[in-house]
Amino acid sequence: MATILVTGGTGTLGRALVGRLLDDGHDVRSLSRRPHTGTAHPHPRSYAVDLRDGTGLPEAVTGVDAIVHCASSPAGGDAEAAGRLVAAARAAGVAHLVYISIVGVDRVPIRYYRTKLAVERLIEDSGIGWTVLRTTQFHNLVLDVIKAGARSPVLRCPRAYGCSRSRCRKSPPGWPSWRPANRPDGSPTWAAPRCWTPGISYGPHWKRVGGAGC
C-alpha cells in the first residue's frame, strides 16, 4: 500500500482517480482548495491547500510516496503552482511525481498549452522520479462548450483551431450554408457559412453579413 497525494482531488479527473486508488487499498490524500465530499467511496484524508500560495502544502506532502498532479487552471498560475509543489515534494523526499498533461501541448500554440508544456519541463528537471501522462480532452468538455454556446446566438470558432482563408471552402458538397433569408429563426442579422478544411470539420462558423471572415 502506498501513500498517494492527488492534487485537484475534487476535480473531474481527481475525483475519479481518488476513488480508484481507495478501491485498490492505497492510503490517499486529496488536495484541493475545498475539502473532498461525496459518499460513493470512503473519504480520503483531505487537505485544503491553494497551490497559488502554498499555505499548508508542506504538511500535505510529508510522508507521501507519490504525487499525482491533476490540478490545473486555464485562468493561469499553473507554472508557479507546480514550482511550489515540486519544491515541497523535493523537501519531503517524495519518490515520484505524476503530471497530467494534454496531447498536443508541444504543437498547439495557445497560452494554456504552452504553460502545460513548461510545467512538463519543470517536472522533468525536478530531480524527482517523474511520469508525464498526456491525455486527450475529456468528453464532458465538449458538452460544457456546447452548453455555453447554446446560451448565445453566436457560436464562436477559436482562431487557433479555425482555417486560414487560403484553405477554407465555404461549404463542402451537400452541406447547407445558412443565409439571412433562410436562417431557421428568420433573423436577418447573422449568416453562418460553414468553415471547412478537407478532412476536418469545425462546425458552424458565424460571422456578420458582409464582414471579414473565412
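## Strands β4 and β5

In this predicted model, H69 stands opposite Y99 of strand β5. The pairing to which these residues belong joins strand β4, residues 66-69, to strand β5, residues 96-102, in the parallel sense and over four bridges.

Strands of a sheet pair through backbone hydrogen bonds, and they may do so either parallel or antiparallel. Here β4 and β5 belong to an open sheet of six strands, whose order is β3-β2-β1-β4-β5-β6 and whose pairing is parallel. The edges of this sheet are formed by β3 (45-48) and β6 (129-135), each of which pairs on one side only. On average, neighbouring strands in the sheet are turned by 20° against each other, if direction is ignored.

## Strands β1 and β2

On the other side of the strand order, β1 and β2 run parallel and are joined by five bridges, and T3 stands opposite D27 in β2. Strand β2, which spans residues 27-32, is mostly covered, with six of its six residues buried. This burial concerns both faces of the strand: D27, R29 and L31 are buried on one side, while V28, S30 and S32 are buried on the other.

The loop that leads from α1 (12-23) to β2 contains D24, and this residue counts as exposed because its relative accessibility is 54%, above the 50% cut-off. Although D24 and M1 are 23 residues apart along the chain, their C-alpha atoms are separated by 8.6 Å.

## The edge strand β6

T135 lies in strand β6, which is one of the two edge strands of the sheet. With a relative accessibility of 18%, T135 counts as buried, since the cut-off for that class is under 20%. Leaving aside residues up to four places away in sequence, T135 touches I100, S101, I102 and V103; of the strands described above, β5 covers residues 96-102, and I100, S101 and I102 therefore fall within that run.

## Helices α3 and α4

Two helices lie across parts of this sheet. Helix α3, residues 78-92, lies across β1 (3-7), β4 and β5, and runs at about 175° to β4. Helix α4, residues 111-124, lies across β5 and β6, and runs at about 160° to β5. Strand β5 is thus crossed over by α3 and also by α4.

Two packed helices are described by the angle between their axes and the distance between the axes. For α3 and α4, the axes come within 9 Å and cross at roughly 15°, and the two helices are therefore roughly parallel to each other, given that angles under 35 degrees are placed in that class. Their crossing is right-handed. On the α3 side the contact is made by D78, A79, A82, G83 and V86, and on the α4 side by Y112, T115, K116, V119, L122 and I123. Sorted by class, the residues in this contact are seven nonpolar, two polar and two charged.

## The chain as a whole

The secondary structure of the protein chain comes to five helices and 10 strands. Of the 214 residues in the chain, 36% are buried. Among the contacts with a separation of 6 or more, 55% are between residues 24 or more positions apart.

Technical notes:
Residues numbered from 1 in each chain as written. Predicted model: local features only at pLDDT ≥ 70, side-chain atom pairs only at ≥ 80, totals over all residues. Heavy atoms only, no water. Pairing = 2+ DSSP bridges. Axes fitted to C-alpha atoms, helices over the stretch in contact; angles between N-to-C directions. Contact = heavy atoms within 4.5 Å. Parallel < 35°, antiparallel > 145°, perpendicular 65-115°, else oblique. Left-handed = near helix turned anticlockwise from the far one by under 90°. Nonpolar A, V, L, I, M, F, W, Y, C, P; charged D, E, K, R; others polar. Buried < 20%, exposed > 50% of the residue type's maximum accessible area, 1.4 Å probe, protein only.
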